[in-house]
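Hello,

Here is the structure we spoke about. Please open it first, then read the notes below.

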Amino acid sequence: MHILHVVGARPNLMKVAPVLGALKHYSNIKQSLVHTGQHYDTNMSDVFFQQLEIPAPDVNLGVGSGSHARQTAEIMTRFEPVVLERKPDMVLVYGDVNSTVAAALVCSKLLIQVGHVEAGLRSRDRTMPEEINRLVTDQLADILFTPSSDGDENLAREGVPSSKIHMVGNVMIDSLVRLLPAAIKKDLNGLPNRYVLVTLHRPANVDDDRTLKSILECLLDLNTQLKVVFPVHPRTRQRIADFGIDVAQLDLREPLPYIEFLALQRRATAVVTDSGGIQEETTFLKVPCLTLRSNTERPVTILQGTNILVGQNRDALRTELSKILDGKQKQGSIPPLWDGRAGERIAGILSKL
Ligand code: UD1
């Protein structure tokens with residue numbers, strides 16, 4: 001059987017690595033890897049290939065940035081001939097980025113089986129591009145691998161037959177478990193014992209100047225009490241520059257490699273973020289996470305983990321941070337099957353098809 005994996009954006013890379021690794025043990029499976037080029041900066045892509053030991057892609061479609069329609073269409077146009085030439089038996093897509101939905105659309109029309117890793121997550125917020133990508137991809141997929149039981153419930157509600165759904169656990173946690181020992185060894189280069197780690201890139205938070213300004217003011221205020229370390233996504237850096245907001249007081253950094261970011265996360269007093277994956281990683285690490293969103297497609301991180309939604313409410317952010325500083329942070333536990341073996345489970349299922 002020939003399995004072709006499609007990745008495009010940074011969060012896909014932590015998810016594909018464990019599946020590629022686990023499938024290597026099956027001699028009846030041939031694998032290939034296509035990178036759409038949705039993310040193309042070295043620090044958004046190449047460094048993750050190195051640290052996660054992902055083999056170089058067989059094909060890079062080099063699509064780059066663009067509007068949603070243009071980026072999705074460009075991926076589809078460039079991916080279709082690759083699929084026609086390579087004739088995989090199954091294409092595996094990951095997460096909820098534009099590359100995921102674009103590849104699923106191409107394959108479903110060519111009658112090539114699609115497997116979706118990290119299926120079933122729902123924020124129920126259709127203003128998020130990722131939610132549209134999740135809904136469409138899950139309708140098209142032939143086999144769906146979910147990270148938690150809410151995923152199974154969402155899919156059942158949308159009419160996906162249970163025979164297609166496999167709860168396998170969280171592949172992102174597989175990568176975390178594997179590289180945590182390397183992260184523990186990292187020197188944090190003079191950072192104080194207590195600091196807040198921030199990431200921000202959702203359009204809802206960074207594309208509107210009033211919202212972005214309000215979040216940054218809150219961080220500047222916080223920084224007077226507690227150091228704020230902020231690796232900045234290229235999209236956010238661009239917006240900060242466009243809006244001319246002065247953030248010189250904050251410890252702004254380039255996007256960090258996986259191991260360096262993990263090292264900062266595990267030692268952080270709190271993480272403030274709007275990322276999906278970081279809500280999961282902090283739950284696993286039992287680090288308090290304050291999410292700058294009013295909903296999440298990962299409710300298990302709230303119900304079981306250390307995550308709290310603070311929306312764009314500055315008062316809520318301040319209140320929750322002061323609780324954490326007083327040692328009264330939310331306690332959490334690790335969801336079932338977030339154990340570093342999700343990739344093995346996926347490989348086991350695929351090898352029997
Ligand atoms: C994408 C995903 C999002 C994911 C995020 C992780 C979609 C719809 N969104 O958002 O779910 O959480 O990746 O990072 O697929 N840019 C660069 N260099 C790069 C990549 C992007 O400078 O290597 C800049 C470009 O100006 C680009 C902007 O970032 O226009 C946005 O990139 P894009 O891939 O469109 O979406 P993300 O915001 O990264």
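**Around the ligand**

A polar side-chain atom of Glu-130 lies 2.7 Å from an oxygen atom of the ligand. Keep in mind that this is a predicted model. Two more polar contacts are worth a look. Gln-38 also uses a polar side-chain atom, placed 2.9 Å from a ligand oxygen. Asn-98 uses its backbone instead: an N or O atom there sits 2.8 Å from an oxygen of the ligand. Taken alone, the ligand exposes 750 Å², and the protein buries 85% of that. In total, 20 residues surround the ligand. Those that come nearest are Gln-38, His-39, Tyr-40, Asn-98 and Glu-130.

**The nonpolar cores**

Next, the interior. The largest nonpolar core has 55 residues. Leu-52, Ile-54 and Tyr-258 touch the most other members. Helix H1, residues 10–23, gives the most to this core: eight residues. A second core is separate and has 26 residues, including Leu-226, Ile-240, Val-272 and Leu-290.

What does Leu-52 touch, not counting residues up to four places away in sequence? The list is Leu-13, Met-14, Ala-17, Ser-175, Arg-178, Leu-179 and Tyr-258.

**Helix H7**

Leu-179 turns up again here. Helix H7 covers residues 171–185 and has a kink of about 50 degrees at Leu-179. The proline Pro-181 follows shortly after the kink. At the start of H7, a side-chain oxygen of Asn-170 comes within 2.9 Å of the backbone nitrogen of Met-172.

The buried residues of H7 are Val-171, Met-172, Ile-173, Asp-174, Ser-175, Leu-176, Leu-179, Leu-180 and Ala-183. What covers them? The cover includes H1, helix H2 (46–51) and strand S5 (113–117). Helices H11 (258–267), H12 (277–285) and H15 (342–351) are also part of that cover.

**Ala-347**

One residue of H15 deserves a stop: Ala-347 is in this helix. Is Ala-347 buried or exposed? Its relative accessible area is 1%, under the 20% cut-off, so Ala-347 counts as buried. Leaving aside neighbours within four places in sequence, Ala-347 is in contact with Ala-22, Leu-23 and Tyr-26. Ala-347 and Gly-21 are 326 residues apart in sequence. In space, their C-alpha atoms are 9.1 Å apart.

Best wishes

Note on methods. Residues numbered from 1 in each chain as written. Predicted model: local features only at pLDDT ≥ 70, side-chain atom pairs only at ≥ 80, totals over all residues. Heavy atoms only, no water. Core = buried A, V, L, I, M, F, W, Y, C linked by side-chain atoms within 4.5 Å. Buried < 20%, exposed > 50% of the residue type's maximum accessible area, 1.4 Å probe, protein only. Helix = DSSP H or I, 4+ residues; strand = E, 2+ residues; numbered from the N terminus. Contact = heavy atoms within 4.5 Å. Near = heavy atom within 4 Å. Polar contact = N/O pair within 3.5 Å; in protein donor to acceptor, adjacent residues only side chain to side chain. Areas by Shrake-Rupley, 256 points an atom, 1.4 Å probe, with all protein chains shown as cover. Bend = angle between axes of the 7 residues up to and from the residue.
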